[in-house]
Amino acid sequence: MDKIIVKGGQTKLQGEVEIEGAKNAVLPLLAATLLASKGEVVLTNVPILSDVFMMNNLVDHLGTSISFDQEAKKIIAKANSEIKTTAPYEYVSKMRASIVVMGPILARNGQARVSMPGGCSIGSRPIDLHLRGFEQMGATITQNAGYIEAKADKLKGAHIYLDFPSVGATQNLILAATLAEGVTTLENAAREPEIVDLANLLNKMGANVKGAGTDTIIIKGVEKMHGAKHSVVQDRIEAGTFMVAAAMTQGDVLIKDAIAEHNRPLISKLSEMGVNFTQEETGLRVVGPEKLKATSVKTLPHPGFPTDMQSQMAAAQAIAAGESVMVETVFENRFKHLEEMRRMGLEVDITRNTALIQGNSNLQGAAVKSTDLRASAALILLGLVAKGQTTVRRLSHLDRGYYKFHEKLKALGADIVRVKDEDGEE
Ligand code: UD1
């Protein structure tokens, strides 16, 4: 595997950066293509990421033929009159998001058999809300030899209240409900922009989904679904990561076509820390101050502060003036990056889901390992400002969610290279 080497301390990022389509949008969109029984679903603005390749393989295996034109960032998903019922271990085990194929398979076949999913090691991440929702729609759920099996002669619309606005459960239940008999109402649904993007594609495919983006989503079941064309929404987390990068380096960066609306909580917190934002015709300009101010952040479901920006924000807090607080309420065990940051001189006091971060303008580069997808970006950001050299390993995490991250940073002026890791570590 490769490693990234950053030489930090001097860089002031400057220039423009283009943002890809959202990983967290395109994965459920690909699952949605399984619902069409005829025609082609054409997705554009598709990010080139290892998670997308994995989902492509799974959907293709299940019966919807996938062709990915990487140069055009376009996927053509050709529907099949029949799809398979089993999502096998070798396709599902590496990526938790693959559980969203369960809804479409169940809706089309009346039964689904899906291997227990894997993914980032950030807490236990159960799927009870997905399964309880399927049960309320008339499915019987069993677990057998590492597989979850769901059976229902015909899924029926239901009134489902989610204990927690889970993104994955909301997506899976919308997907299942599109072809169910009658009306499904999801209460306390997730409101993320990626849910809205999913509903937009589904409606183009002939579904009837209303209320996406609010906490009550109403889905009227339809008989059949067909092909459609759709451009994937911009990746607000990638955009947010570059906002933090500019903020931390006294940078001046234009995030091209940024959708500020999708990043309100982050923009609000960074503004509080002294960062300047200007909406321009071609994007959002982010100008970092000489010294960031400390701040308190608590992650929450959308429209609260996103957990997927927690580690990058912690990197900014690590160099701010004074003590900052980070409270993680969405996932347990999502502070492993702080342990790695300690290797760079960070002083942090962690009690359960709360971290007290002492800002330090004298952090030193060190050898660190990515502990999950967003942590990998956060460690690279801290490497930009720490004195000397930082080496970041375990880049398989980074490649799941960031396309050419080091090249984009280099184009903005960072001293960064990605090289083969001769030590042979993953
Ligand atoms: C999605 C995102 C991920 C993001 C997360 C929260 C994708 C592919 N991934 O993950 O990047 O960090 O939303 O914004 O879109 N939970 C349960 N039972 C369930 C489902 C979830 O208890 O049945 C809990 C989880 O353990 C976690 C919390 O709810 O503590 C949030 O999970 P969820 O919103 O489902 O996240 P994902 O869909 O897995």
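These are my notes on a ligand site and two helix pairs in a predicted model.

**Entry 1: the ligand's surroundings**

I began with the ligand and asked which residues are closest to it. D128, L129, S166, D308 and V330 are the closest, out of 18 residues that surround the ligand. I then sorted that shell by class and got eight nonpolar, five polar and five charged residues.

**Entry 2: polar contacts to the ligand**

Next I looked up some N and O atoms facing the ligand's oxygens. The side chain of N24 has an N or O atom 2.9 Å from a ligand oxygen. For R96, I found a polar side-chain atom 2.8 Å from an oxygen of the ligand. With G168 it is the backbone that takes part: one of its polar backbone atoms sits 2.8 Å from a ligand oxygen.

How much of the ligand does the protein bury? Taken alone, the ligand exposes 740 Å², and the protein buries 85% of that.

I also wanted to know which elements give two or more residues to the shell. They are α5 (128-136) and α6 (167-177). The largest share comes from α5, with three residues.

**Entry 3: α1 and α2**

I moved on to helix pairs. Two packed helices are described by the angle between their axes and the distance between the axes, so I looked up both values for each pair.

Helix α1 covers residues 23-32 and helix α2 covers residues 50-62. Their axes come within 10 Å and cross at roughly 5°. An angle under 35 degrees counts as roughly parallel, and α1 and α2 are therefore roughly parallel to each other.

Where do they touch? On the α1 side I noted K23, V26, L27, L30 and A31, which meet D51, V52, M55, N56 and V59 of α2. By class, this contact has seven nonpolar residues, one polar and two charged.

**Entry 4: α8 and α9**

My second pair was helix α8 (residues 236-248) with helix α9 (residues 264-272). These axes come within 11 Å, and the crossing is roughly 5°. That angle is why I can write down α8 and α9 as roughly parallel to each other too.

Which residues of α8 meet α9? I listed G240, M243, V244 and A247, and their partners in α9 are L266, I267 and L270. Six residues of this contact are nonpolar and one is polar, with no charged ones.

**Loose end**

Going back over both pairs, I jotted down the charged residues again: the α1 and α2 contact has two, while the α8 and α9 contact has none.

Note on methods: Residues numbered from 1 in each chain as written. Predicted model: local features only at pLDDT ≥ 70, side-chain atom pairs only at ≥ 80, totals over all residues. Heavy atoms only, no water. Axes fitted to C-alpha atoms, helices over the stretch in contact; angles between N-to-C directions. Helix = DSSP H or I, 4+ residues; strand = E, 2+ residues; numbered from the N terminus. Parallel < 35°, antiparallel > 145°, perpendicular 65-115°, else oblique. Contact = heavy atoms within 4.5 Å. Nonpolar A, V, L, I, M, F, W, Y, C, P; charged D, E, K, R; others polar. Near = heavy atom within 4 Å. Polar contact = N/O pair within 3.5 Å; in protein donor to acceptor, adjacent residues only side chain to side chain. Areas by Shrake-Rupley, 256 points an atom, 1.4 Å probe, with all protein chains shown as cover.
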